Amino acid sequence: MVDGKPVDGVRAADSTNPSRLDEVIAKVSFGDASTLVGAAESAHRAQPAWAAIPAPVRGRAIAGIGRAVERNKQALAKIVTAEIGKPYAEALGEVQEIIDTCDFFLGEGRRLYGQTVPSEMADKQLFTFRRPVGTVAVITAGNFPVAVPSWYIVPALLTGNTIVWKPAEYSPAASAAFHEIFVRGGGLPDGVFNIVHADGPSTFAGLEQSLDAGLIDKIGFTGSSAVGREVGGLAGRHLQTACLELGGKNPMVITPAADLDLAVEGALFAGFGTAGQRCTSLGTVIVHESVHDDFLDRFNAALAAAPIGDPTAEVLMGPMMDAKFAERYEEFLSWIQPQHKVQAACGRITADNPRDGFVGDPAAGLFYHPVVVDGVQPGDAIFDQETFGPLVGVTSYRDLEQAIELANTPGYGLSSAIYTNDAREAFSFANRISAGMTSVNNSTSGAEAHLPFGGNGKSGNGSRQSGIWVLDQFTRWQSMNWDYSGRLQKAQMDVAEL
Ligand code: UN1
């Protein structure tokens, strides 16, 4: 939808259900680079009028969106479950995250504070104002097809920007439903929020052309570290900035002072929620050598008992979200080396490679065994790199110093966790882990809508989403000096005397 009208794409494609691959969820029309440029033109045209609406009134539009999402909560969650195989309870949580984001930002329309600043000259006053950046291109992933887009789209709209959104190729039905709810619920004028379905190469070409033409002022991107580098480079070459939310290799340290059952529960959710396809998913458990065996026994037992399968049922995890991700995950599995200890079955769940207590029909979808790989070490690909899928590495440590070093070694820096009841250990870890987010006695996943979200190192470019911190992504500061002395006062030269 561009400028309030459906676009004629260049190619039609089916979106299928990863739990039942023969079930088509939606037929989608994919555009090309010129579709994206057309959407950027439309957003660019609509921006001045949108920015002219007082921020508290835009806040009311955000309130309308939040209520509309609430009314459609179950329907939207069902689409998410059908399209990417996220267990229904998690999908409901994901939709709730949009509502929380709207709740937070509807009030921000009545704040959007600037400052009054004293001048060094007499009879002169200084001010600062937040101004919208202009047109924002938002490119998002399919693992959170509706919550993560709202982290960009809600604050960007609230602060007076207009949007071109290119959602993931493999979650078009969820994104189309999201778009419709937003436009109707918010009563958004045509051109304010445009959506274009396109593949990667068309998106890059369209972005480049739009940036060349001065139609895009900011990029919001959630996806892999590799593509994030490209997006960041593209923005930088055009002297624009990108808000990059990239991969993670999120560590969980478990010390001898931990409640082990709590840690097992946390590792289960962090490792296998969304089939391990969250940027905040648990990468490696770094467990003290004195509790390593005990933890591993309990973790494997909990995993063996966890229901896996049909995501409409109460399961720990459903299928992987798309064939492309399943293929890539199979490549990650080939990183397992003979020195690693895999304590359970591995790979795709089939009649020949079954799983006890599987819910549903394993042959029908992209279902994988959850895997725990013990004995991973720095230098092993499986320790150093993100393995987007249901796989958790385990290694052991001798002292906290070494645990923190191991946790920082892969060079990502999104989320992290420590399980301990010793406050000194918790604070030492939090002080020295390089991560945008850290949990004490909780999972690496589970961000809240009003806390900064983002990473260091390979996980991003230091930008933060959510809460008031994201306002710096979608607004630029303007300073104003107002001289009411009636004469030309010169800074540094006419400094008032004591
Ligand atoms: C992501 O995977 O891109 O904290 C975001 C969490 C979710 C968001 C994950 N609320 O795991």
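Helices and strands here are DSSP runs, numbered from the N terminus. With that in hand, select the loop between α9 (260-272) and β11 (282-288) and pick out T274, which lies in it. Keep in mind as you go that this is a predicted model.

**Stop 1: T274.** Check the backbone: phi of T274 is near 55°, a positive value in a residue other than glycine. Is T274 buried or exposed? The cut-off for buried is 20 or more other C-beta atoms within 10 Å. T274 has 26 C-beta neighbours inside 10 Å, so it counts as buried.

**Stop 2: D123.** Now go to the loop between β3 (115-118) and β4 (124-132), where you'll find D123. D123 isn't a glycine either, yet its phi is positive, at about 55°. The surroundings are worth a look too: D123 has 13 other C-beta atoms within 10 Å, which makes it partly exposed.

**Stop 3: the two domains.** Zoom out and colour by domain. The domain assignment of the protein chain puts 11-247 plus 463-477 in domain 1, and 250-440 in domain 2. Note that domain 1 comes in two stretches of the chain. If you drop a marker at the centre of each domain, taken over C-alpha atoms, the markers will sit 30 Å apart.

**Stop 4: where they touch.** How many residues of domain 1 are in contact with domain 2? There are 18, and they meet 24 residues of domain 2. To see the domain 1 side, select β2 (20-30), α3 (73-84) and α4 (88-108), since each of these supplies at least two of its residues. Of the elements on that side, α4 gives the most, with three residues. Switch to colouring by residue type and the domain 1 side splits into seven nonpolar, six polar and five charged residues.

**Stop 5: the core.** Next, show the largest nonpolar core, a set of 137 residues. Within it, the residues with the most contacts are I153, I163, M252 and A267, so label those four. Helix α5 (residues 147-158) is the one to highlight here: it gives the most to this core, with nine residues. Where does the core lie relative to the two domains? Both domain 1 and domain 2 give residues to it, so it lies between them.

**Stop 6: I153.** Finish by centring on I153, one of the residues with the most contacts inside the core. Ignore its neighbours within four places in sequence, and I153 is in contact with V138, I163, W165, F182 and F193. Show those side chains together; I163 will be familiar from the previous stop, as another of the residues with the most contacts in the core.

Note on methods
Residues are numbered from 1 along each chain as its sequence is written. This is a predicted model: local features need pLDDT of at least 70, side-chain atom pairs count only at pLDDT 80 or more; totals for chains, interfaces and linings use all residues. Domain bounds come from an automatic or database domain assignment. Two residues are in contact if their C-beta atoms, placed from the backbone, lie within 7 Å. Helices (H or I, at least four residues) and strands (E, at least two) are DSSP runs, numbered from the N terminus. Ala, Val, Leu, Ile, Met, Phe, Trp, Tyr, Cys and Pro count as nonpolar, Asp, Glu, Lys and Arg as charged, and the others, Gly among them, as polar. A residue is buried if 20 or more other C-beta atoms lie within 10 Å of its own, exposed if 12 or fewer, and partly exposed in between; C-beta atoms are placed from the backbone. A nonpolar core is a set of buried Ala, Val, Leu, Ile, Met, Phe, Trp, Tyr and Cys residues joined through C-beta atoms within 7 Å.
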